[in-house]
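Me: I should like to learn how to read the features of a protein model step by step. Where should one begin?

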Amino acid sequence: MTYWTTQVLNGLSFGAVLYLVAVGLTLIMGVMRVVNLMHGSGYLLGAYVALTVVKDTGSFALGIVLALLAGALVAVVVFALLRRVGTDLTRQAVLTFACVYVIADLSLEVFGGSTQQVPLPHALQGTLHLGALAYPSYRLLLIGLVAVVALAAFAIERRTLGGALVRAVADDREMVAALGRSPQRIAFGTFVIGMCLAFLGGVLGGGVFGAYPGADLQFLVFGLVIVVLGGMGSLGGSLVAALVVGLVDTLTKVAWPSIGDLSIFALLIVVLALRPNGLFGRPA
Amino acid sequence: MSSGTLRRGRPAPSAPAAPERARARRRGIALGAALLLCVLVVPSLSAFYVDAAGQMAVYAIVALGASLIIQHADLPSIGHGAFYGLAGYGVALLMLHGVAGTLPALALALLATGAFAVVMGLVVLRTRAAYFMMITLAIGQLLSGIASSMTSVTGGDNGLTGLPAATVAGIDLTDPTQFYFACLAVLVLVAAFVAWLISTPYGHALRSLKRDDRRARSLGVGPLRVRLLAFALSGVITGLGGALATLNAGYVEPSVLGAGSSGAIFLMVALAGRLGVLGPIAGAVLVEGITLIVGAHTTHSQLVLGVVAAAIALFVMRSGPAAAPARRPAEPAAQEAGDA
């Protein structure tokens, strides 16, 4: 029993990290209509920046702050490039995939090919005892932190002017422009926030799942699966889908180690066959 | 009005005008010369370049297959590594488990790849544009994850190795020069097939779907059936390239199924999309050229490929016709981009 509770918590903490990556992706794709294939590279860079900072200064908080700054910087550069290629899907895909290549190559050069973890502060390295259950306290904190982020995202989207503008741009760009707001600026803000969340996913997830060559594409694909399952542009959809994917992936890999990604593959195919626009998506 | 828009999508009923014919003849001569160069010059190069030419030729086949869907059906697949890898694993499994002869193994593997493409097509062809891109990318990468963990069947991360010598009609596919010529011959056939296919009424139906599903349907074109056939053919041709490459290398590993492999195939087709049937060939030569030749001198072939692809996306590629009608001249996004 405690064994499976542990595995469910493992699945939830994986889902929490996936949510951080996927929520930015679903906003960027839903609001900006941009295919951002370098989003998984944000996870990788976030983890690498954080582990460098933590190893040099010993401060986990500073690692988070600098990783978020780096995320904003990368977002500004990529956004400027994306603006040049305009609305063409193929050009966006080529450009952002080119960014994947560049970042992967440079990361391999600087950080090497082995899996590295973001060092955790001493206070978070222990295990928490809850009755018979002993569980790493960092993972519990991770789940809690992401729950806070998810609640904040909902509140901002539903209750603030910024959130209303983001929803408005997703629905009708021209009308937003006619009302005197710049859709481009709103799209820029969404892109920066989305990329920063992916970097945050790298920092927090990097303490558990680590950073390694190939993590960029792996997190990109899990992010894409979540966006597809949850419905493009849907915050609630991405949260539910991220937790489902995290749980299904973790539990099936524990039960049948040799099936690998087969369960997520089957999940994707079944949901698509039944609901082509995802669980919470609207028809395009 | 509708008849006018209809005619635009079809070949002109009269014979091509004189300058058109002259251009076609010039192109024919240029193509013949290029092919002659490929036949005469490449074998005299060093072993490294013969090998590289073989890889370029086999990837040109792969890219031509992918172009049927990406270029001619305007469905941006980033999952064609799946077909490359499935055919590769198929042919490797069949040969390791005692199917007599390379040709029957190749045929069976391609049949299986085609069947998979039909099933995958039934799911993914219900989606469009960004969704289509995301789902195809996910399917390829997930298949790669499955292949790397199902160790008992696929050999896991190490893949399948130690394939018996592959010979088709006396041609030893593991010999670089013979492999190069075999791939060049297959490439010419595949290019001719694709050029023929897109000029047939079927090809016009396929391309008419790019613009407007509903209009095509009203003319009696069944969108799903037309796209599904293209998807299956695309999968089989890409699979043919993957199987040939596997037979040449003597092994196959999970990464060929995944996002990296699919992304490279997508780049080959997308980078030179304006060049028609020759585009995927040029793209394959460019991408494989950078990967192999830069890769032989430095460890940074990915960096070079990324910078070149980004530069092409920014400065060479033009936005496709599909994107044009959606963009209105008054849209502020377009204006601001113009101001920058």
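Reply: One may begin with burial across a chain. In this predicted model, 49% of the 340 residues of chain B count as buried. The chain holds 15 helices and 2 strands.

Me: What percentage of the contacts in chain B between residues at least 6 apart in sequence join residues at least 24 apart?

Reply: The share is 77%.

Me: How should I read the packing of two helices, for instance H2(B) and H8(B)?

Reply: Two packed helices are described by the angle between their axes and by the distance between the axes. Here helix H2 (residues 18-40) and helix H8 (residues 176-199), both of chain B, have axes 11 Å apart and an angle of about 165°. Because angles over 145 degrees count as roughly antiparallel, H2(B) is roughly antiparallel to H8(B). The crossing of H2(B) past H8(B) is left-handed. On the H2(B) side the contact is made by B:Leu35, B:Cys38 and B:Val39, and on the H8(B) side by B:Tyr180, B:Phe181, B:Leu184 and B:Val188. By class, these residues are 7 nonpolar, no polar and no charged.

Me: At what angle do the axes of H3(B) and H13(B) cross, and within what distance do they come?

Reply: The axes of H3(B) and helix H13 (residues 278-297) cross at roughly 140° and come within 8 Å. H3(B) passes H13(B) in a right-handed crossing. Among the residues that meet are B:Phe48, B:Tyr59 and B:Ser67 in H3(B), and B:Pro280, B:Glu288 and B:Leu292 in H13(B). This contact has 15 nonpolar, 3 polar and 1 charged residues.

Me: How does one read a single helix, such as H5(B)?

Reply: One may set its span beside the expected one and then ask which residues are buried. Helix H5 (residues 102-124) of chain B has 23 residues and reaches 32 Å from its first C-alpha to its last, close to the 33 Å expected at 1.5 Å a residue. Its buried residues include B:Leu106, B:Leu110, B:Met120 and B:Val124. Against what do the buried residues of H5(B) pack? They pack against H11 of chain A, together with H4, helix H6 (129-149), strand S1 (167-168) and helix H11 (223-249) of chain B.

Me: Is A:Phe265 buried or exposed?

Reply: A:Phe265 has a relative accessible area of 14%, so it is buried, the cut-off being under 20%. This residue belongs to helix H11 (residues 262-274) of chain A. Leaving aside neighbours within four places in sequence, A:Phe265 is in contact with B:Ile139, B:Leu142, B:Leu143 and B:Ile146.

Me: Where does B:His72 lie, and which residues does B:His72 touch?

Reply: B:His72 is in the loop between helix H3 (47-70) and helix H4 (81-96) of chain B. With a relative accessible area of 6%, B:His72 is buried. Not counting residues up to four places away in sequence, B:His72 touches B:Ser67, B:Val194, B:Ile198, B:Leu206, B:Arg207 and B:Lys210.

Me: Which backbone angles deserve a second look?

Reply: One may look for a positive phi in a residue other than glycine. Phi of B:Ala129 is near 45°; B:Ala129 lies in helix H6 of chain B and is partly exposed, at 37% relative accessible area. B:Ala169 has a positive phi of about 50° and is found in the loop between S1 and strand S2 (171-172) of chain B. At 77% relative accessibility, B:Ala169 counts as exposed.

Definitions and conventions:
Residues are numbered from 1 along each chain as its sequence is written. Chains are lettered from A and ligands numbered from 1 in the order in which they are written. This is a predicted model: local features need pLDDT of at least 70, side-chain atom pairs count only at pLDDT 80 or more; totals for chains, interfaces and linings use all residues. Side-chain values use heavy atoms; hydrogens and water are left out. Helices (H or I, at least four residues) and strands (E, at least two) are DSSP runs, numbered from the N terminus. Buried means under 20% relative accessible area, exposed over 50%, partly exposed in between (1.4 Å probe, protein chains only). Contact means heavy atoms within 4.5 Å. Axes are lines fitted to C-alpha atoms, for helices over the stretch in contact, and angles run from 0 to 180 degrees between N-to-C directions. Angles under 35 degrees count as roughly parallel, over 145 as roughly antiparallel, 65 to 115 as roughly perpendicular and the rest as oblique. A crossing is left-handed if the near helix is turned anticlockwise from the far one by less than a right angle, and right-handed if clockwise. Ala, Val, Leu, Ile, Met, Phe, Trp, Tyr, Cys and Pro count as nonpolar, Asp, Glu, Lys and Arg as charged, and the others, Gly among them, as polar. The expected span of a helix is 1.5 Å times one less than its number of residues.
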